[in-house]
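User: Could you take a close look at one part of this model for me, the bonding between sulfurs, and then connect it to whatever else stands out? I'd like one connected walk-through rather than a list.

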Amino acid sequence: MIKVGDHIGVGTIVNSCRACEYCSDDLESYCAKKAVFTFNGTDADGTVTKGGYSSYIVVHQRYCIKIPVNYPLSSAAPLLCAGITVYSPMMRRKMNQPGKSLGVIGLGGLGHMAVKFGKAFGLNVTVLSTSISKKEKVLNLLGADKFVISSDQEQMKTAGILVLVGFPREVKFSPVNLNPDMRTISCSVTGGMKEMQEMVDFCAARDVHPTLEIIPIQYANEAHERLAKRDVKYRFVIDIENSLE
């Protein structure tokens with residue numbers, strides 16, 4: 001139950017129809033009538049949403065996430081987008097069972113959270129990358145169990161279920177490479193509100209935090225330039241409150 005004074009987080013959506021099969025199954029992000037995005041979405045009253053850049057925001061309590069008092073708000077922010085984007089398909093595929101193997105392709109904002117969740121769940125985590133320069137950080141700082149260069153075809157053959165959580169321009173594959181070993185390709189966006197609350201509570205209980213850099217809003221343009229150069233480890237968080245003082 002949410003009460004006055006609680007710390008509240010708002011994720012990627014602020015509204016949905018609340019009646020379709022997806023909303024009824026706690027999958028509001030997949031709403032059949034299209035969920036209203038927190039940024040640049042058109043809400044039921046015709047207003048355009050402006051997300052975290054708003055001076056204030058009005059959201060139905062269904063789309064509010066209660067942040068535990070012992071969890072930093074700066075850590076909570078990336079969870080409500082990058083975190084849930086990897087947490088949701090991991091839970092859907094029962095990748096919270098110790099001893100299973102998880103492969104993470106791409107070590108950015110989403111990928112580093114997948115590694116952290118994997119280790120918190122007790123999985124054997126392998127990071128697959130095109131750059132050998134990332135090996136030390138992957139193994140020593142993030143605690144992954146194994147590092148594989150994606151050009152190594154022999155090691156890449158062990159893949160089982162591929163879940164796309166990003167938006168590549170295209171993905172090419174031949175069924176002959178999937179059918180014999182019952183391999184699967186699936187896609188996912190963010191999760192529902194119930195699952196998002198479970199994720200935040202899990203992170204607070206298990207001390208799981210995104211790796212981030214807090215910046216003032218005046219630094220936003222430079223941050224965008226650094227993002228284009230991939231110069232961020234691994235999420236920027238804008239401190240709106242102190243930026244406006």
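Analyst: Let's fix one term before anything else: a residue is called exposed when its relative accessible area is over 50%, buried when it is under 20%, and partly exposed in between. With that cut-off, C187 goes down as exposed, because its relative accessibility is 56%. Keep in mind throughout that this is a predicted model.

Now to the sulfurs. A disulfide is a covalent bond between the sulfur atoms of two cysteines. To be counted here, a pair of sulfurs has to sit within 2.5 Å, and by that rule the total is 0 disulfides. So what keeps C23 from pairing up with C20? Distance does: the sulfur in C20 is the closest cysteine sulfur to that of C23, but at 3.8 Å it's too far for a bond. C23 is also buried, because its relative accessibility is just 2%. C187 isn't in a disulfide either, and for C187 the nearest cysteine sulfur belongs to C81, 17 Å away. Put side by side, C23 is a buried cysteine at 2%, while C187 is an exposed one at 56%.

With that settled, the backbone deserves a look too. Most residues other than glycine have a negative phi, and most peptide bonds are trans. With that in mind, here are some spots that break the habit. K233 and Y234 are joined by a cis peptide bond, with omega at about -10 degrees. Y234 belongs to the loop that runs from helix 7 (220-228) to strand 13 (235-238).

Then there's phi. K34, which is not a glycine, has a positive phi of about 75 degrees. You'll find K34 in the loop between helix 1 (21-24) and strand 3 (36-37), and it's exposed, since its relative accessible area is 68%. N40 also has a positive phi, about 55 degrees, and it isn't a glycine either. N40 sits in a strand, namely strand 4, residues 39-42. With a relative accessible area of 68%, N40 counts as exposed.

N40 leads us on to V48. Setting aside neighbours within four places in sequence, V48 is in contact with N40 and G41. V48 itself is part of strand 5 (residues 48-50) and comes out as partly exposed, because its relative accessible area is 46%. If you want to tie this corner back to the cis bond, compare V48 with K233: they are 185 residues apart along the chain, and their C-alpha atoms are separated by 31 Å.

How does the cysteine region relate to P210? Measured out C-alpha to C-alpha in the model, P210 and C20 are 33 Å apart, with their positions 190 residues apart in sequence. P210 is in the loop between helix 6 (193-206) and strand 12 (212-215), and it's buried, because its relative accessibility is 7%. Beyond the residues up to four places away in sequence, P210 touches Y71, S75, P78, L79, H112, M113 and K116.

D239 makes a useful last stop. D239 lies in the loop from strand 13 to helix 8 (240-243), and at 23% relative accessibility it counts as partly exposed. Leaving out residues up to four places away in sequence, D239 touches I214 and I215. P216 is 23 residues from D239 in sequence, yet the two C-alpha atoms are 5.3 Å apart.

Finally, here's the whole chain these pieces belong to. The protein chain has 8 helices and 13 strands. Its radius of gyration is 19 Å, close to the 18 Å that the globule rule gives for 245 residues, so the chain is as compact as a globular protein of that length. The C-alpha trace spans about 55 × 40 × 35 Å along its principal axes. Of the 245 residues, 38% count as buried. Take the contacts between residues at least 6 apart in sequence, and 59% of them join residues at least 24 apart. On the outside, the chain exposes about 14,900 Å², with carbon and sulfur atoms supplying 54% of it. As for charge, there are 28 positive and 24 negative side chains, and the centres of those two sets lie 6 Å apart.

Key
Residues numbered from 1 in each chain as written. Predicted model: local features only at pLDDT ≥ 70, side-chain atom pairs only at ≥ 80, totals over all residues. Heavy atoms only, no water. Buried < 20%, exposed > 50% of the residue type's maximum accessible area, 1.4 Å probe, protein only. Helix = DSSP H or I, 4+ residues; strand = E, 2+ residues; numbered from the N terminus. Rg over C-alpha atoms; globule rule 2.2 N^0.38 Å. Contact = heavy atoms within 4.5 Å. Areas by Shrake-Rupley, 256 points an atom, 1.4 Å probe, with all protein chains shown as cover. Lys, Arg positive; Asp, Glu negative; His and termini not counted. Charge placed at Lys NZ, Arg CZ, Asp CG, Glu CD.
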